[in-house]
Amino acid sequence: GDVEEDDTVPDSEQDIKPRFHKSRTVTLQHEGGEGEEGEDIDEDEDDDDDTLSDWNLRKCSAAALDVLANVFRDELLPHLLPLLKGLLFHPDWVIKESGILVLGAIAEGCMQGMVPYLPELIPHLIQCLCDKKALVRSIACWTLSRYAHWVVSQPPDAHLKPLMTELLKRILDGNKRVQEAACSAFATLEEEACTELVPYLSFILDTLVFAFGKYQHKNLLILYDAIGTLADSVGHHLNQP
């Protein structure tokens, strides 16, 4: 079944792999998960039994969309956007989740053509971070990270502050998969925002410190990575009391 809250379940030994802090730009994967470059996400890490049989097909489909978007660029959008709107706002969470994945998959190749739609889509994705389904929350984290560069280019109060606030809440989510996705997405946001985050450092650090007492072993490694990225991004500002 769908395990929504599993943050008190200890990690097994095989869940814990060595990780080292590195730039998020080389660790993002196209299938909606984060890890070391070239590292697959094991099927048994998925929280929903119904998605297990589709996971490989899902990953391949998202990767194919990414390639198509990078080849055809904005020419792809007239064919995709009518379908995408129906997916993103669908009442069935499984269909909505697939739409969020599609939106993330095309981000790199179709960014220029997507810009006019982002003022409407980004708030919707931020709202999806509060969805009752963990898989919707986790994929929303990843997709938002794919548009982090655009978010940071806007006035901070427009999208950066709401996104940062909700991602920090998801870092403390009751689901380990969401915790992982939120930490990775926040690390990407840290790299893009850099010193734009300085006014919020106290809030950010309070959240990350609290997460240390909440996380199981595997996600602690990802939390260290997020803290390393924060240090790289804000530099000496981290030393201010």
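The exercises below, each with a worked solution, concern a predicted model of one protein chain.

Residues are numbered from 1 along each chain as its sequence is written. Because the model is predicted, local features need pLDDT of at least 70 and side-chain atom pairs count only at pLDDT 80 or more, while totals for chains, interfaces and linings use all residues; side-chain values use heavy atoms, with hydrogens and water left out.

**Exercise 1. Overall make-up**

State how many helices and strands the chain has, and what share of its residues is buried.

Solution.
- Step 1: Helices (H or I, at least four residues) and strands (E, at least two) are taken as DSSP runs, numbered from the N terminus. The chain has 12 helices and 0 strands.
- Step 2: A residue is buried under 20% relative accessible area, exposed over 50%, and partly exposed in between (1.4 Å probe, protein chains only). By that rule, 51% of the 241 residues are buried.
- Step 3: A contact means heavy atoms within 4.5 Å. Of the contacts with a separation of 6 or more, 73% are between residues 24 or more positions apart.
- Step 4: Accessible areas come from the Shrake-Rupley method with a 1.4 Å probe; for residues, only the protein chains shown count as cover. About 11,400 Å² of the chain is exposed, and carbon and sulfur atoms supply 58% of this area.

**Exercise 2. The two sides of α3**

Find which residues of α3 are buried and which exposed residues lie on the face turned away from them.

Solution.
- Step 1: Helix α3 spans 77–88. Its buried residues are Leu77, Leu80, Leu81, Leu84 and Leu88.
- Step 2: The arc is that of the directions from the helix axis to the C-beta atoms. These residues cover an arc of only 105°, so they are on the same side of α3.
- Step 3: An α-helix has 3.6 residues a turn, so residues three or four places apart point the same way.
- Step 4: Pro78, His79, Pro82 and Leu83 are the exposed residues on the face turned away from the buried side. Pro78 has a relative accessible area of 58%.
- Step 5: The buried residues of α3 pack against α4 (93–105), α5 and α6 (118–128).
- Step 6: In α5 (residues 107–114), the buried residues are Ala107, Gly109, Cys110, Gly113 and Met114. Their arc is only 145°, which puts them on the same side of α5.

**Exercise 3. Salt bridges**

Work out what parts of the chain the salt bridges Lys96–Asp131, Arg137–Asp173 and Glu166–Lys169 connect.

Solution.
- Step 1: A salt bridge is a side-chain nitrogen of Lys or Arg within 4 Å of a carboxyl oxygen of Asp or Glu. The structure holds 9 of them.
- Step 2: Lys96 and Asp131 meet at 2.8 Å, N to O. Since Lys96 lies in α4 and Asp131 in the loop between α6 and α7 (134–146), the pair ties together parts that are 35 residues apart in sequence. Both Lys96 and Asp131 are buried.
- Step 3: For Arg137 and Asp173 the closest N and O atoms are 2.9 Å apart. Arg137 is in helix α7 and Asp173 in the loop between α9 (160–171) and α10, 36 residues apart. Arg137 and Asp173 are both buried.
- Step 4: Arg137 and Asp173 also belong to a network of salt bridges with Glu4 and Arg170.
- Step 5: Glu166 and Lys169, at 3.2 Å, are both in α9, 3 residues apart, about one turn of the helix. Glu166 is buried at 13% relative accessible area, whereas Lys169 is partly exposed at 44%.

**Exercise 4. The aromatic pair**

Classify the pair formed by Phe212 and Tyr224.

Solution.
- Step 1: Rings of Phe, Tyr and Trp (its six-membered ring) pair if their centres lie within 6.5 Å; planes under 30 degrees apart count as stacked, over 60 as edge-to-face and the rest as tilted. The structure holds 1 such pair.
- Step 2: Phe212 and Tyr224 lie 5.4 Å centre to centre with 50° between the planes, so the pair is tilted.
- Step 3: Phe212 is in helix α11 and Tyr224 in helix α12 (residues 217–234), 12 residues apart.
- Step 4: Phe212 is partly exposed at 31%, and Tyr224 is partly exposed at 49%.

**Exercise 5. Positive phi**

Locate Arg73 and Cys194, and give the phi of Arg73 and of Cys194.

Solution.
- Step 1: Most residues other than glycine have a negative phi.
- Step 2: Arg73, in the loop between α2 and α3, has a positive phi of about 55°.
- Step 3: Cys194, in the loop between α10 (176–193) and α11 (201–212), has a positive phi of about 50°.
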